[in-house]
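Me: I would like to learn how to read a model like this one, step by step. Could you walk me through it?

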Amino acid sequence: MMRAPSDTDILRAEQRLVASEREVAQSIARLRLEFRATLAKPATLLGIACVGVIAGYSVGRHFGRGPKPVERIAVKSTASLAGNAFAFLVRHGLRHWPPW
């Protein structure tokens, strides 16, 4: 038969639990700080922009294909790839800039 834990054992277990919770909160805060620091680097922003442009281009090519028209009409496009990339960055990428 087991004996009940003493008051000091209970107190130590509670202190370990509180210390563990504090360490988890501190590690989450450090992770957020590192993530923000990494995203603030110009190379990271450039990489994210490139991936976004490539993804947008491939999705646009995939879903932009419709049934072929019977007769082709010459329409000059007013949007460029660079303009679309800049608009994407302004709308989505810089929404949370600066990160603080």
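Me: Let's start with confidence. What is the mean pLDDT of the chain?

Reply: Happy to help! This is a predicted model, so the per-residue confidence, from 0 to 100, is a good place to begin. Here the chain has a mean pLDDT of 81, and 77% of its residues reach 70 or more.

Me: Where is confidence lowest, and where is it highest?

Reply: Go element by element. Helix α3 (residues 81–93) has the lowest confidence in the chain, with a mean of 78, while α1 has the highest, at 93.

Me: How many helices and strands are there in the chain?

Reply: The chain holds three helices and zero strands. Following the sequence, you read the pattern α-α-α.

Me: And how do I read burial? What share of the residues counts as buried?

Reply: A residue is called buried when its relative accessible area is under 20%. In this chain of 100 residues, 3% meet that description. The exposed surface of the chain comes to about 9,600 Å², with 65% of it supplied by carbon and sulfur atoms.

Me: Now side chains. Which residue forms a salt bridge with D9?

Reply: The idea is to look for a Lys or Arg side-chain nitrogen within 4 Å of an Asp or Glu carboxyl oxygen. That partner is R12, with the closest N and O atoms 3.9 Å apart. The count under this rule is one salt bridge.

Me: Why are R12 and D9 separated by about one helical turn?

Reply: Because they are three residues apart in helix α1 (residues 7–39). As for its surroundings, D9 is partly exposed, at 32% relative accessibility.

Me: What about links between parts far apart in sequence? Which residues is V53 in contact with, leaving aside its neighbours within four places in sequence?

Reply: With those neighbours set aside, V53 touches L81 and A85, in the sense of heavy atoms within 4.5 Å. V53 belongs to helix α2 (residues 42–63), and its relative accessible area of 27% makes V53 partly exposed. You can also use C-alpha distances: V53 and N84 are 31 residues apart in sequence, yet 8.2 Å apart in space.

Me: Let me try the C-alpha approach on I48. How far apart are I48 and L89 in space?

Reply: Their C-alpha atoms are 9.4 Å apart, with the two positions 41 residues apart in sequence numbering. I48 also sits in helix α2, and I48 is partly exposed, with a relative accessible area of 46%.

Notes. Residues are numbered from 1 along each chain as its sequence is written. This is a predicted model: local features need pLDDT of at least 70, side-chain atom pairs count only at pLDDT 80 or more; totals for chains, interfaces and linings use all residues. Side-chain values use heavy atoms; hydrogens and water are left out. Helices (H or I, at least four residues) and strands (E, at least two) are DSSP runs, numbered from the N terminus. Buried means under 20% relative accessible area, exposed over 50%, partly exposed in between (1.4 Å probe, protein chains only). pLDDT is the predictor's confidence in each residue, from 0 to 100. Accessible areas come from the Shrake-Rupley method with a 1.4 Å probe; for residues, only the protein chains shown count as cover.
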